[in-house]
Amino acid sequence: MESPSIVVLTGAGISAESGIKTFRAGDGLWENHPIDKVATPEGFRKDPSLVHQFYNERRAQILDPAITPNAAHKALAQLESDYPGPVWVVTQNIDNLHERAGSKNLIHMHGEILKIRCKKTEQVFACHESISTESNCSCCQRSGTLRPHIVWFGEMPFQMDEIYHHLGKAHLFISIGTSGNVYPAAGFVEHARECGARCIEVNPNPTYNPNFEDFRQGVATVEVPKLVNELINNVPKRNTPEIP
Ligand code: APR
């Protein structure tokens, strides 16, 4: 028999209690930074210095020793190690808190702040420093070719085939701390449900997506450890797929 599998989708809300701002809250990141200027390929073409500055600040923040994985990141790592089937974490977050908590089956669908990419060669490098339009690329030896390894609006998220493969086999889909505003991630719950997964949402604020059969209202550091405890002690059954 196939082992029961879980796909967890995480958004900015899971890192909020580690001290990283979400995007769409009243004081969120997009409040003071226009999306079209700092999170689109057009914005980068128009003003690469502004875009580098925005991501340099995000990079410096995640390298601050005060920013650490919280109880929700740690609970998901525990789920991966203690659950009898495969557990995949698909994160929209560009921070490194899941991996620091111990998650291994991890997909960063929107990129990673601690990586940089050469536009000429598509090579990806680890990056722990500030980048400018003057920074020299270590592969092509030119300046002006480096860009943040971030998926911007209008670009295709990473590892989509792999994500849909895992969603199609999932017995359980859990969405944590995402507002469900940005596709394709916002459509994962519908796909998982159609393929037979039970779907649970964890969020202090409901998204009212009818594909979630179970809603755990509360902050991630409280609700995720509780849910993980339940799951480790009670392996769920697969639903009958709604679409043959
Ligand atoms: N615990 C759980 N959820 C929380 C918490 C918390 N402590 N605090 C806030 N939230 C929830 C909010 O209620 C909201 O639903 O986290 C969600 C954050 O939503 P967004 O700011 O829209 O972030 P996210 O859904 O991750 O954004 C998706 O949009 O801007 C792009 O690429 C960016 O990856 C990002 C994507």
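This report walks through a predicted model, starting with its ligand and moving on to a helix and a few single residues.

## Ground rules

Residues are numbered from 1 along each chain as its sequence is written, and side-chain values use heavy atoms, with hydrogens and water left out. Since the model is predicted, local features need pLDDT of at least 70 and side-chain atom pairs count only at pLDDT 80 or more, while totals for chains, interfaces and linings use all residues.

## Around the ligand

Let's start with the ligand. It is surrounded by 21 residues, where a residue is near a molecule if one of its heavy atoms lies within 4 Å of it. The closest are Arg 24, Trp 30, Thr 178, Ser 179 and Asn 203. Sorted by type, the shell has 9 nonpolar, 10 polar and 2 charged residues. Here Ala, Val, Leu, Ile, Met, Phe, Trp, Tyr, Cys and Pro count as nonpolar, Asp, Glu, Lys and Arg as charged, and the others, Gly among them, as polar.

Now for some distances. An N or O atom in the side chain of Arg 24 sits 2.7 Å from an oxygen atom of the ligand. Another ligand oxygen distance, 2.8 Å, involves a backbone N or O atom of Ala 12. Glu 17 has a polar side-chain atom 2.9 Å from a nitrogen atom of the ligand. Taken alone, the ligand exposes 730 Å², and the protein buries 89% of that (areas come from the Shrake-Rupley method with a 1.4 Å probe; for residues, only the protein chains shown count as cover).

## Helix α6

Next up is α6, which covers residues 71-82. Helices are DSSP runs of H or I with at least four residues, strands are runs of E with at least two, and both are numbered from the N terminus. The 12 residues of α6 reach 16 Å from first C-alpha to last, close to the 16 Å expected at 1.5 Å a residue (the expected span is 1.5 Å times one less than the number of residues). At its N-terminal end, Asn 70 acts as a cap: a side-chain oxygen lies 2.8 Å from the backbone nitrogen of Ala 72.

Which residues of α6 are buried? They are Ala 72, His 73, Ala 75, Leu 76, Ala 77, Leu 79 and Glu 80. Buried means under 20% relative accessible area, exposed over 50%, and partly exposed in between, with a 1.4 Å probe and protein chains only. The buried residues pack against several elements, including β1 (6-10), β2 (87-91) and α10 (220-233).

Tyr 83 lies in the loop between α6 and β2. At 5% relative accessibility, Tyr 83 is buried. Its C-alpha is 5.5 Å from that of Ile 232, although the two are 149 residues apart along the chain.

## Two histidines and a tyrosine

His 108 belongs to strand β3 (residues 106-108) and, at 7% relative accessibility, is buried. Its side chain makes a polar contact of 3.0 Å with that of Glu 99; such a contact is a pair of N or O atoms within 3.5 Å, and within protein one must be able to donate a hydrogen and the other to accept it, with sequence-adjacent residues counting only if both atoms are side-chain atoms. His 149, in strand β6 (residues 146-150), is buried at 10%.

Is Tyr 164, in helix α8 (residues 160-169), buried or partly exposed? Tyr 164 is partly exposed, at 30%. Leaving out residues up to four places away in sequence, Tyr 164 touches Pro 184, Phe 188 and His 191 (contact means heavy atoms within 4.5 Å).
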